[in-house]
Amino acid sequence: MKYLQALVATFVFIVLLLSIYTAHALFFPVQVVLYSAVLDGVMAAIVTGLLLLLAKRRLAFNGFERVLLTAFWLLGGFSFAITVPTVLDRSLSFYILEKLQQRGGGIRADAIGEVFVNEYMPEFRLVDVRLTEQQQSGTITVEDGCVKLTPRGDALASFSRFVRTHFLPKHRFLAGEYTDALVDPFKDSPSGEMGYECE
């Protein structure tokens, strides 16, 4: 009996999650897709948890089981936020598929880099999107036309660099060969001033 009730409650959570997400996406302002979708998942989990609480006499769950179900729904909402809207919003892989479809099913391999620079970046307003996300995350500020790291951004960049250097695959298959090129992508970057630094 409990399993069936848990299944029905989870179905209610899924319906609420999809309804809240759709309403949020269609009718309300969204600053960052990931944060917005996570909020939608939290709202759906809380509402479903409250419904469990209101119907506690009719349901076979004890308090601990209700907490576990709510935690499960929170994780489900978080997983949805990352794997559906955020992946679609950010995925270069999906962009490649959609662009190939738009261009009749094929693009010359030697022109793909050109497509990324000349079409992907402006079509998806990539710079605007990423700068907005970073500002909303508190990792950068934009002052007098200069993009600057905040202390939080500096700490996050150091953490990212550490993980990239020490824990990403050192034998990754890229363009027909195994390489460690992405462990230290700045290795061959020019050193010294480039002319675009802030004064």
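This tour goes through salt bridges in a predicted model, beginning with a network around one lysine and ending at a glutamate in another helix. The structure holds 10 salt bridges, and the stops below visit some of them.

Start by selecting lysine 99 together with glutamate 119, whose side chains meet in a salt bridge with an N to O distance of 2.7 Å. Lysine 99 belongs to helix 4 (residues 92-102) and glutamate 119 to helix 5 (residues 112-123), so this pair ties together parts of the chain that are 20 residues apart in sequence. Lysine 99 counts as buried, because its relative accessibility is 3%, which is under the 20% cut-off.

Keep lysine 99 selected and add glutamate 123, which forms a salt bridge with that lysine, the closest N and O atoms being 2.9 Å apart. Here too the pair links distant parts of the chain, with glutamate 123 in helix 5 and lysine 99 in helix 4, 24 residues apart. Glutamate 123, at 42% relative accessibility, counts as partly exposed. Adding Arg103 to the selection completes the view, since Lys99, Arg103, Glu119 and Glu123 are linked in a network of salt bridges.

Move next to helix 6 (residues 126-137) and select glutamate 133, which counts as buried at 6% relative accessibility. Arginine 130 forms a salt bridge with glutamate 133, the closest N and O atoms being 3.6 Å apart; being 3 residues apart in helix 6, the two are separated by about one helical turn. Arginine 130 is partly exposed, with a relative accessible area of 22%.

Finally, display the contacts of glutamate 133 beyond four places away in sequence, which are Val32, Asp89 and Arg90.

Methods. Residues are numbered from 1 along each chain as its sequence is written. This is a predicted model: local features need pLDDT of at least 70, side-chain atom pairs count only at pLDDT 80 or more; totals for chains, interfaces and linings use all residues. Side-chain values use heavy atoms; hydrogens and water are left out. Helices (H or I, at least four residues) and strands (E, at least two) are DSSP runs, numbered from the N terminus. Buried means under 20% relative accessible area, exposed over 50%, partly exposed in between (1.4 Å probe, protein chains only). Contact means heavy atoms within 4.5 Å. A salt bridge is a side-chain nitrogen of Lys or Arg within 4 Å of a carboxyl oxygen of Asp or Glu.
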